[in-house]
Structures are given as C-alpha cells and as structure tokens.
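Visitor: I should like to study a protein fold step by step. Please show me the structure before we begin.

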Amino acid sequence: MTPTFRVLDDGQLQESWFGVPVAFSTQDNFDFIWIKPGLNLVGRQIWVRSWDKPVALKAGRDEKDFKQAAELTYMFPLILRNTLGPALGSRVKLSGSKGEFMLVGRLVDSNAGSMNAKFFVWMGAGSSTATWDMKLVDAISGELVLAVHHRAVSGSALTEVQDKIEKWCRRFAQHLSEAAIH
C-alpha cells in the first residue's frame, strides 16, 4: 500500500521528502520535530552531509532570496558541525564523509527581506526568513530516525537570519544530546 503523505505549513512541509509519514510534534524551539523513540547515538558516527539544493516552495521569491538560499545551503552543514560537536562531545563522532547515520537538509524557502525596512520601519517590516527540512537517516537501511521542519525569522535590524539559524542549531544540538545520548 502506498503511504499517504501530508503537506503542512502552508505547503512548505512536504512529508514525502522524509520518505515516510511522520508523527511530527511541535515544541518550544521546533516548529515540527520527530525523533524515533529510543534513539541512542552513543558510540555512533554521524555524517553531516552537504545539503540538497534549495527548493522554492513559496512563490514570489526574487534573485536576492535565491542568493540567500544558496549561501545558507552552503553554510548550514558547517554551522551544524560546529554546534553538534561541543553538544555531543566524545560520545558521538561527526564526519564530513562517512557515518552510520546521515544528517541532511534542504532550504524550502528563503526571503532575504529588506534591511532598510527593518531599520527604518521596525515592527517586523522587511523580515528575513529561512525555512528548512532536516533529517537523520540510517546510512545503510535509509530508515528515518529524526525529522525536523523549522522557520527562522529575523525581524530586527540588529540580527540577520544566519544569527537566528546559529542560535537554533545550538538549541537543536542540546535537544539531540538530551534526547539521543543515553
């Protein structure tokens, strides 16, 4: 029987990308998250792969938005490695080329916003956003063990969306450490 995949978050969360229907929950720091019950990463190695090419699931994006999406797609795995390493410590190894698990993601929307509007108008005008999917899969079987869909918003002239992503990655690394290191 073919699984039925949902489309959530105004079309930006396509469950089919994760390969199986996912019992997502929402939590304070995560718009949509699921971790396989009992997942234990102690003594395992995670391959933090380059991200898939960004996809534009929201209409009306321009060249600035596509440029931001390309930059964030390149930077995201680097940010993840830099935040996961300290949080997981020596209990879980990280690699850029191999592992028992693969951590991969993709940007599904990017809006570069307007720095002028953020600076002069305030109140969220000109906000910069990035929305992404991320999954951790068994490198051999392809079994999904973690799924995330999240949006970062930078509405202040004092921060950029990359700052929000770095902050979110630190929270994600801490959450993964607490949930999957037994």
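Guide: The following questions and answers concern the sheet, the helices and the cores of this predicted model.

Visitor: In what order do the strands of the open sheet lie?

Guide: Strands of a sheet pair through backbone hydrogen bonds, either parallel or antiparallel. Here the open sheet holds 7 strands, and its pairing is mixed. The order is β3-β4-β9-β8-β7-β5-β6.

Visitor: Which strands stand at the edges of this sheet?

Guide: An edge strand has a single partner strand, so one side of such a strand is left without a neighbour in the sheet. From one strand to the next, the twist averages 25°. The strands at the edges are β3, residues 25–27, and β6, residues 93–95.

Visitor: Which residue of β6 is the bridge partner of W47?

Guide: Strand β5 covers residues 45–48. β5 pairs with β6 in the parallel sense, over 3 bridges. Within β6, the bridge partner of W47 is S95.

Visitor: Which handedness has the crossover from β5 to β6, left or right?

Guide: After β5, the chain passes through α1, which spans residues 63–88. The chain then reaches β6, completing a β-α-β crossover. This crossover is right-handed.

Visitor: Which residue of β7 is the bridge partner of W47?

Guide: β5 also pairs with β7, which comprises residues 101–111. These two strands run in the parallel sense and share 3 bridges. In β7, the partner of W47 is M102.

Visitor: How many residues lie between β3 and β4 in their hairpin?

Guide: The two strands pair in the antiparallel sense over 2 bridges. In one of these pairings, S25 has I33 of β4 as its bridge partner. The hairpin formed by β3 and β4 has 2 residues between the strands.

Visitor: Which residue of β9 stands opposite W34?

Guide: β4 consists of residues 30–35, and 5 of its 6 residues are buried. Joined to β9 by 4 bridges, β4 runs antiparallel to that strand. Opposite W34 stands A147.

Visitor: At about what angle does α3 run to β9?

Guide: Helix α3, residues 161–180, lies across β3, β4, β8 and β9. Helix α1 lies across β5, β6, β7 and β8, running at about 140° to β7. For α3 and β9, the angle is about 150°.

Visitor: At roughly what angle do the axes of α1 and α3 cross?

Guide: Two packed helices are described by the angle between their axes and the distance between the axes. The axes of α1 and α3 come within 9 Å, and their crossing is right-handed. Among the residues that make the contact are L72, F76 and L80 of α1, together with I165, C169 and F172 of α3. The crossing angle is roughly 35°.

Visitor: Which residues touch the most other members of the largest nonpolar core?

Guide: This core has 37 residues, and the elements giving two or more residues to it are β4, β5, α1, β7, β8, β9 and α3. Leaving aside residues up to four places away in sequence, L80 touches V48, W51, L103, M134, C169 and F172. The residues that touch the most other members are L41, L80, W132 and F172.

Visitor: How many residues belong to the second, separate core?

Guide: Among the members of this second core are W17 and F32. V137 and A147 are also included. The number of residues is 12.

Notes: Residues numbered from 1 in each chain as written. Predicted model: local features only at pLDDT ≥ 70, side-chain atom pairs only at ≥ 80, totals over all residues. Heavy atoms only, no water. Pairing = 2+ DSSP bridges. Axes fitted to C-alpha atoms, helices over the stretch in contact; angles between N-to-C directions. Contact = heavy atoms within 4.5 Å. Right-handed = clockwise from strand over helix to strand, strands pointing away. Buried < 20%, exposed > 50% of the residue type's maximum accessible area, 1.4 Å probe, protein only. Core = buried A, V, L, I, M, F, W, Y, C linked by side-chain atoms within 4.5 Å. Left-handed = near helix turned anticlockwise from the far one by under 90°.
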